[in-house]
Amino acid sequence: MNQALSDLLDLLDLEQIEENIFRGQSRSAVVPRVFGGQVAAQALVAAGRTVPADRHAHSLHAYFLRPGDPGAPIVYTVERIRDGRSFTTRRAVAVQHGRPIFALSASFQLDEEGLDHQAPMPAAPDPATLPTSADRFRGYDHLDSAVVEKFLEAREAIDLRYVEEPPFGKYGEPREPHSQVWFRTNGKLDDDPLLHVVLATYVSDMTLLDSVLLAHGRGGWAVGDVVGASLDHAMWFHRPFRADEWLLYDQESPSAHGGRGLGQARIYTRDGSLAISVIQEGVVRVPRAD
């Protein structure tokens with residue numbers, strides 16, 4: 001395990017300060033606010049710690065309400081909405097400076113047998129044949145070196161590999177609104193299922209809106225030709241997976257309108273099992289100077 005992953009796990013290991021109340025620390029992201037994936041992951045940790053260990057997260061629905069302040073801790077309050085025979089529901093709200101910045105509802109379920117089918121895994125190259133993030137980012141002369149180092153620092157805990165040219169690598173002309181990345185943590189994790197779900201939640205906010213940018217030939221946050229932020233985020237956890245083993249994140253955008261873009265995705269294990277479905281809408285605005 002590299003130091004960055006160890007630091008990330010520490011960041012996600014919330015302090016319990018009262019029953020149903022937890023406190024997490026923050027850190028800077030590429031933009032001057034808390035990374036949305038961090039808040040979502042911490043909120044899921046808070047919710048999960050109020051649930052019996054034999055009930056596993058199967059879905060979350062969340063709204064990003066205000067930008068998070070990376071210089072201040074975040075307090076998470078958990079409401080125990082329901083404890084049923086098969087399902088448990090929790091609501092977690094993240095608060096900074098007396099105001100909510102994020103709200104999450106999550107559902108947990110006892111394992112059970114049932115009907116089983118899935119969409120097939122799309123074609124994708126072996127992740128071992130793809131350049132690392134460091135090779136990708138440092139291979140573009142048009143990117144500001146300070147921005148490159150910020151991106152690489154933010155992703156140092158995760159081995160994330162683009163299948164094709166990312167938005168910031170080739171832009172100016174529209175492309176198909178479809179993007180693929182492989183990812184896994186940079187080190188082994190323990191066997192706690194919640195930890196793997198939390199790490200996948202953290203990563204899911206990194207690239208999901210890339211397909212929106214591709215559709216319009218925009219380079220994105222790394223080149224400054226759009227401004228944006230996550231608005232809401234939903235995930236469904238279908239089958240067991242490990243975040244420390246390769247996962248294929250297959251992403252597309254069916255729509256952009258009114259300053260908002262929608263991304264939807266499926267995450268597959270390397271052996272083709274559909275592990276997670278994801279949908280996110282975000283603000284995607286062209287700077288007024290354009």
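How many aromatic pairs does a search of the whole structure find? The structure is a predicted model, in which local features require pLDDT of at least 70 and side-chain atom pairs count only at pLDDT 80 or more, whereas totals for chains, interfaces and linings use all residues. Residues are numbered from 1 along each chain as its sequence is written, and side-chain values use heavy atoms, with hydrogens and water left out.

The search yields 8 aromatic pairs, where rings of Phe, Tyr and Trp (its six-membered ring) pair if their centres lie within 6.5 Å, and planes under 30 degrees apart count as stacked, over 60 as edge-to-face and the rest as tilted. Among them is the pair of F35 and Y202, which is edge-to-face because the ring centres lie 5.1 Å apart with the planes at 85°. This pair links distant parts of the chain, 167 residues apart, with F35 in the loop between β2 (21–24) and α2 (36–48) and Y202 in helix α5; helices (H or I, at least four residues) and strands (E, at least two) are DSSP runs numbered from the N terminus. Y202 has a relative accessible area of 4% and is therefore buried, the classes being buried under 20% relative accessible area, exposed over 50% and partly exposed in between (1.4 Å probe, protein chains only). Of the 15 residues of helix α5 (residues 193–207), 13 are buried, so this helix is largely enclosed by the rest of the structure.

Y140 and F168 form another edge-to-face pair, with 5.9 Å from centre to centre and 80° between the planes. Here too distant parts of the chain are linked, 28 residues apart: Y140 lies in the loop between α3 and α4 (145–154), and F168 in the loop between β7 (158–162) and β8 (178–185). Y140 counts as buried at 14% relative accessibility, and F168 is buried with a relative accessible area of 4%. Both residues belong to one aromatic cluster formed by F137, Y140, F151, Y162 and F168.

F168 also recurs in the lining of the largest cavity, together with residues including F151, Y162, R155, D210 and W221. On a 1 Å grid over the protein atoms alone, a cavity is a set of points where a 1.4 Å probe fits but cannot get out, and lining residues have an atom within 4 Å of a point. The largest cavity holds about 70 Å³ of space, a volume being the space filled by probe spheres set on the points, which are joined across faces, edges and corners.

Technical notes
On a 1 Å grid over the protein atoms alone, a cavity is a set of points where a 1.4 Å probe fits but cannot get out, and a pocket is an open set with protein on both sides within 12 Å along at least five of seven lines; lining residues have an atom within 4 Å of a point.
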